[in-house]
Amino acid sequence: MYKERVLVSGAKQAELTMERIAWQLLESYSGQELPVFLGIGERGFSVAVMLANETGKLSGQSLQVYRLPGWRNQPDDLTYPKFDPESWRARKVLLVDDVLYTGKTMYYALQFVMQTDPAQVKSMVWVDRGHRCFPLAADFVGIQLATVLQDFVEVKISLTENQIETFLR
């Protein structure tokens, strides 16, 4: 049965949520160097860019953002040659994704990041919908959404308009 698409969070609410998370980040890293932002997949990268921009605006700092692949299955090879992970070796890292569901994608990204010997790893997700299969939790969450397994969470992101909309169906 097809479910109607329901708006969970519109652009204005998302703007306020992004600002709240940026303040939480600044509080969490108070007096410390801010982390390198690693967005997972296309949408995770977009959320990371928006969060880095908001955090940078509030802190007056320019933050580094990189894109990791969105591994949905165990990667045969955890090397990723599109950039040099030395740029965050021994630094603090913030893994960013759009939706945390089973935790599998975050787990594979974490496996990759741990090979680079980071000083610290924290995570941020735009939507945490529960139903974990892996023992992971996000340190920063935009929207905590109670769902059933049959639900589908859609996150629409426009970097050009600096907007995020979240839907449930």
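I'll start with helix α1, residues 11-28, which lies across β1 and β8 and runs at about 110 degrees to β8. Before going further, note that this is a predicted model.

The sheet under that helix is an open one of three strands, in the order β1-β8-β7, with antiparallel pairing. Its edge strands are β1, residues 6-9, and β7, and each of these pairs on one side only. From one strand to the next, the twist averages 30 degrees.

Let me take the β7 and β8 pair in more detail. Strand β7 covers residues 153-158 and strand β8 covers residues 163-168; they run antiparallel, joined by six bridges. For register, Glu 154 is opposite Phe 167 in β8, and Ile 157 is opposite Ile 164. The two strands make a hairpin with four residues between them. In that turn, Asn 162 has a positive phi of about 55 degrees.

Helix α2 also lies across β7 and β8, at about 55 degrees to β7. That brings us to the other sheet, since α2, residues 41-59, lies across β2, β3, β4 and β5 as well. Relative to β2, the helix runs at about 150 degrees.

What is the strand order in this second sheet? It is an open sheet of five strands, β3-β2-β4-β5-β6, and the pairing is parallel. The edges are β3, residues 65-68, and β6, residues 140-144; each has a single partner strand, so one side of each is left without a neighbour in the sheet. The twist here averages 20 degrees from one strand to the next.

Helix α3, residues 104-114, lies across β2, β3, β4 and β5 too. Its direction is about 165 degrees to β4.

Now β2, residues 36-40. Four bridges join β2 to β3, in parallel, and four bridges join β2 to β4, also in parallel. Leu 38 illustrates both pairings: it stands opposite Tyr 66 in β3 and opposite Leu 95 in β4. Further along, the bridge partner of Ile 40 in β3 is Leu 68.

How many of the residues of β2 are buried? Five of its five, so the strand is mostly covered. Val 36, Leu 38 and Ile 40 point one way, while Phe 37 and Gly 39 point the other way. The residues on both sides are buried.

Next, one residue in β5. Asp 128 is found in that strand, which spans residues 120-128. Is Asp 128 buried or exposed? Its relative accessibility is 6%, and the cut-off for buried is under 20%, so Asp 128 counts as buried.

What does the side chain of Asp 128 reach? One partner is the backbone nitrogen of Gly 130, at 3.0 Å. There is also a polar contact of 2.7 Å between the side chains of Asp 128 and Arg 132. Leaving aside neighbours within four places in sequence, Asp 128 is in contact with Leu 100, Val 141, Ile 143, Gln 144 and Leu 145. Of the residues just named, Leu 100 belongs to β4, which covers 92-100.

For contrast, take Gly 60, in the loop between α2 and β3. Gly 60 has a relative accessible area of 68%; exposed means over 50%, so Gly 60 is exposed. Gly 60 and Arg 129 are 69 residues apart along the chain, and their C-alpha atoms are separated by 32 Å.

Finally, the chain as a whole. The secondary structure comes to three helices and eight strands. In sequence order the pattern is β-α-β-α-β-β-α-β-β-β-β.

What is the radius of gyration? It is 16 Å, and since a compact globule of 169 residues would have a value near 15 Å, the two agree. Along the principal axes, the C-alpha trace spans about 50 × 40 × 25 Å.

Of the 169 residues, 49% count as buried. The chain exposes about 9000 Å², and carbon and sulfur atoms supply 49% of that area. On contact range, consider contacts between residues at least 6 apart in sequence: 71% of them join residues at least 24 apart.

To recap: there is an open five-stranded sheet with parallel pairing, and an open three-stranded sheet with antiparallel pairing. Helix α2 lies across strands of the five-stranded sheet and also across β7 and β8.

Conventions: Residues numbered from 1 in each chain as written. Predicted model: local features only at pLDDT ≥ 70, side-chain atom pairs only at ≥ 80, totals over all residues. Heavy atoms only, no water. Pairing = 2+ DSSP bridges. Buried < 20%, exposed > 50% of the residue type's maximum accessible area, 1.4 Å probe, protein only. Polar contact = N/O pair within 3.5 Å; in protein donor to acceptor, adjacent residues only side chain to side chain. Contact = heavy atoms within 4.5 Å. Axes fitted to C-alpha atoms, helices over the stretch in contact; angles between N-to-C directions. Rg over C-alpha atoms; globule rule 2.2 N^0.38 Å. Areas by Shrake-Rupley, 256 points an atom, 1.4 Å probe, with all protein chains shown as cover.
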